[in-house]
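Here is a short report for a reader who is meeting this structure for the first time. Please look over the sequence and the model before reading on.

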Amino acid sequence: MRTAMVAAVVAALIIPATAQAAPLAVEDLGTLPGDLRSTAIDINDSGSIAGVSYGAGTSQHAVRWDRFDGIRKLADLGFDSQATAINRDSVISGYAVNSAGQAQAVKWNPSGALVQLVVAGATSSVAYDVNDSGTVAGAATINGVSQAVLWDSIGDATILGAGSAHHVTNAGWAVGYTGTDVVRWNASGVWTVLDTGTVLAVNQLADAGGTAGTNGVLWLRNNTRTQLGVGARPFDINDNGFAVGELSSQAIRWDLFGGGSAVLAPAPSSAAEVNNSGVVAGTVGTAAATWTMAGTRTLLPALPGAARHSVSGLSEVGQVIGVANFANGTYRAVVWR
């Protein structure tokens, strides 16, 4: 596995320079007509973005923003809906609420058509992630017990066992929970307990990061466990040996192979995302920011009138998504590209 990782690092060094260029402009993604707020949740390398537009009260609608077509409401079951992830083909996972007030796991095809993801005997369900082949990870409640589920690209469900699957890799590995334990399922569905804790990040190699008690921790697929220290929180891991997050209210990058860490900015700051080129996106104070692999920091342009910004996604080609918050309590999805 280490040989494969080294090869991936070498490959990353020869990617086009454009993949590491800092975004130059901020774009307000807006809301559906009549709605008040929006959030951007995930972005693919084509620049399509999955998110949510919020109306009055608790009303919310899953939406997609395409690079040149603006906002689009995704089909629902007549009530609220939520988008959770988008893959390279613009398939989106999430849930839609039915007339009984129950969440139902769904995916939306690139056309925007809704496909309900069924589990026999389930009263409610939710989809948390979708990989590039269209496999969806989530959970379904059967006889009052949450069961972790994978739905393949044609919608056939495999129940992994009690718990919930929150992430699925392109190779079909899943990471999630059984009770309070963080667990990892391999492509055959065999599960391993990683720790009692919270999972915050998973890469395509099924390495995971999160917290166990008060400590930050990385659970690597080779069954090693790396302690990051009290108060550390790893928010993302790339496939080339780097994790990012925060420690002591400072943005930080950890080197999984070389060991050690690098503080990217003084407090208050946080590193939210890292792509396979080594570009990091996060926040410094109230501003969004990116860092190159060498640690050079660029503060991203502010949306006019916004009081602060957060980062929620980063594509492999360097586009950053997030949220701009305003002093009146409203917020808007934004993209830097």
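S269 lies in strand 26. Strands here are DSSP runs of E with at least two residues, numbered from the N terminus. At 7% relative accessibility, S269 counts as buried, because buried means under 20% relative accessible area (exposed is over 50%, partly exposed in between; 1.4 Å probe, protein chains only). The side chain of S269 reaches the backbone oxygen of P266 at 3.0 Å. Such a polar contact is a pair of N or O atoms within 3.5 Å; within protein, one must be able to donate a hydrogen and the other to accept it, and residues adjacent in sequence count only if both atoms are side-chain atoms.

The model is predicted: local features need pLDDT of at least 70, side-chain atom pairs count only at pLDDT 80 or more, and totals for chains, interfaces and linings use all residues. Residues are numbered from 1 along each chain as its sequence is written, and side-chain values use heavy atoms, with hydrogens and water left out.

**The sheet of strands 2 to 5**

Four strands form an open sheet in the order 2-3-4-5, and the pairing is antiparallel. Two strands pair if DSSP finds at least two bridges between them. Strand 2 (37-43) and strand 5 are the edge strands, each pairing on one side only. Neighbouring strands of this sheet are turned by 30° against each other on average, direction ignored. For such angles, axes are lines fitted to C-alpha atoms, and angles run from 0 to 180 degrees between N-to-C directions.

The pairings of this sheet are listed here.

| Strands | Bridges | A bridge pair |
|---|---|---|
| Strand 2 and strand 3 | six bridges | R37 and Y54 |
| Strand 3 and strand 4 | six bridges | S53 and H61 |
| Strand 4 and strand 5 | four bridges | W65 and I71 |

Hairpins link these strands. Strand 2 and strand 3 form one with five residues between them, and G47 in its turn has a positive phi of about 90°. Strand 3 and strand 4 also form a hairpin with five residues between them; G57 in that turn has a positive phi of about 65°. A hairpin through three residues joins strand 4 to strand 5.

**Strands 3 and 4**

How many residues of strand 3 are buried? Six of the six are, so strand 3 is largely enclosed by the rest of the structure. I49, G51 and S53 point one way from strand 3, while A50, V52 and Y54 point the other way.

Strand 4 (residues 60-66) is mostly covered: seven of its seven residues are buried. Q60, A62, R64 and D66 point one way from strand 4, and H61, V63 and W65 point the other way. In a regular strand the side chains alternate between the two faces of the sheet.

**A closer look at W65**

W65 lies in strand 4. At 2% relative accessibility, W65 counts as buried. Two strands flank this residue with partners. I49 has W65 as its bridge partner in strand 4, and W65 stands opposite I71 in strand 5. The side chain of W65 reaches the backbone oxygen of L29 at 2.7 Å. W65 and S81 are 16 residues apart in sequence and 16 Å apart in space, C-alpha to C-alpha.

**The sheet of strands 6 to 9**

Another open sheet of four strands has the order 6-7-8-9, with antiparallel pairing. Its edge strands are strand 6 and strand 9 (114-116), and each pairs on one side only. The twist averages 30° from one strand to the next. Strand 8 (residues 103-108) and strand 9 pair over three bridges. V106 has Q116 as its bridge partner in strand 9.

**The largest pocket**

Rolling a probe the size of a water molecule over the atoms shows where empty space is left. On a 1 Å grid over the protein atoms alone, a pocket is an open set of points where a 1.4 Å probe fits, with protein on both sides within 12 Å along at least five of seven lines; lining residues have an atom within 4 Å of a point.

The largest pocket is lined by 43 residues, of which D42, D129, V202, D236 and E273 lie nearest its centre. Among the elements that give two or more residues to this lining are strand 2, strand 6 (81-86) and strand 26 (269-274).
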